[in-house]
Amino acid sequence: VLKEYIATASQKVRVSHLEKIAEGTEVEGTLVVPKSVDFFDKSTGDPKYEYKVRIVVGEGKKHEVRELVKNAGLDIRALKRVRIGQLSLQDLPIGQFRGLRKKELELPKKNPKLL
């Protein structure tokens, strides 16, 4: 199951940071490589977009994203999971929950590997 995170660093994210994250790092004795790494989307209007990186992982190992970012030379100020499989969590406030929508309930029936 793919998991998408937004990591906020203490400094501006550069191309060299993204390249280092994309190379992967060892976590719990296993090389983990993210599925994708991108700059945070400037069009969101977030004034701190230059300090953020979007990372998608599949493994789900403990502290995997933190280790990837740390290995790239960035210090994490905040880490937020925004998607699990096809379920988007972006607009959900921290500590809150919501019921699944009808179309989300159908996802496991259509393709169990996606969720």
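Okay, one definition before we start: a residue counts as buried when its relative accessible area is under 20%, as exposed when that value is over 50%, and as partly exposed in between. With that in hand, take His 63: its relative accessible area is 46%, so we call it partly exposed. I'll come back to His 63 later on.

Right, so what are we looking at? This is a predicted model, so please keep that in mind throughout. The chain has 115 residues, and 31% of them count as buried. If you follow the C-alpha trace along its principal axes, it spans about 40 × 35 × 25 Å. For secondary structure, we have 3 helices and 7 strands. Walking along the sequence, they come in the pattern β-α-β-β-β-β-α-β-β-α.

Let's go to the sheet. In which order do the strands of the open sheet lie? Going across, you meet S4, then S5, S1, S6 and finally S7, which makes 5 strands with antiparallel pairing. S4 and S7, the latter being residues 87-88, are at the edges; each has a single partner strand, so one side of each has no neighbour in the sheet.

Now let's move in from the S4 edge. S4 covers residues 36-39, and it pairs with S5 through 4 bridges, in the antiparallel sense. One contact to find on your screen is Phe 39, whose bridge partner in S5 is Val 53.

On the other side of S5 we have S1, and those two share 6 bridges, again antiparallel. You can read off the register here. Ile 6 has Arg 54 as its bridge partner in S5, Ala 7 is opposite Val 53, and Thr 8 is opposite Lys 52. So Val 53 turns up twice, with Phe 39 as one partner and Ala 7 as another.

Carry on to S6, and S1 pairs with that strand too, over 7 antiparallel bridges. A pair to look for there is Ala 9, standing opposite Ile 76.

Next up, burial. Why do we say that S5 is largely enclosed by the rest of the structure? Well, S5 runs over residues 52-57, and 6 of its 6 residues are buried, so the rest of the structure largely encloses it. You can see this on both faces: on one side there are Lys 52, Arg 54 and Val 56, on the other Val 53, Ile 55 and Val 57, and all of them are buried.

S1 tells a similar story, with 7 of its 7 residues buried. Pointing one way you find Lys 3, Tyr 5, Ala 7 and Ala 9, and pointing the other way Glu 4, Ile 6 and Thr 8. Yes, that list of buried residues does include Lys 3 and Glu 4.

On to the pockets. The largest pocket has a volume of about 170 Å³. It is lined by 11 residues, and the ones closest to its centre are Ile 6, Phe 40, Asp 46, Lys 52 and Lys 80. Two elements give two or more residues to that lining, namely strand S1 (3-9) and strand S6 (76-84). Which of the elements gives the most to the lining? That would be S6, with 4 residues. By type, the lining splits into 5 nonpolar, 3 polar and 3 charged residues.

Stay with Lys 52 and Phe 40 for a moment. The charged end of Lys 52 sits over the ring of Phe 40, 5.3 Å from the ring's centre. There's another case of this kind: Lys 48 has its charged end over the ring of Tyr 51, 5.9 Å from the centre. How many aromatic pairs does a search of the whole structure find? The count is 0.

Last topic, backbone angles. Most residues other than glycine have a negative phi. Here are two that go the other way. Glu 28 isn't a glycine, yet its phi is positive, about 50 degrees. You'll find Glu 28 in the loop between strand S2 (25-27) and strand S3 (30-32). Is Glu 28 buried or exposed? Its relative accessibility is 57%, so it counts as exposed.

And, as promised, back to His 63. Its phi is positive too, near 60 degrees. His 63 is in the loop between S5 and helix H2 (64-71). At 46% relative accessible area, His 63 is partly exposed, whereas Glu 28 is exposed.

That's it from me, thanks for listening!

Terms used: Residues numbered from 1 in each chain as written. Predicted model: local features only at pLDDT ≥ 70, side-chain atom pairs only at ≥ 80, totals over all residues. Heavy atoms only, no water. Phe/Tyr/Trp six-rings, centres within 6.5 Å; stacked < 30°, edge-to-face > 60°. Lys NZ or Arg CZ within 6 Å of the ring centre and 35° of its normal. 1 Å grid on protein atoms, 1.4 Å probe; cavity = no way out; pocket = protein on both sides within 12 Å on 5 of 7 lines; lining within 4 Å. Points joined across faces, edges and corners; volume = space filled by probe spheres on them. Nonpolar A, V, L, I, M, F, W, Y, C, P; charged D, E, K, R; others polar. Buried < 20%, exposed > 50% of the residue type's maximum accessible area, 1.4 Å probe, protein only. Pairing = 2+ DSSP bridges.
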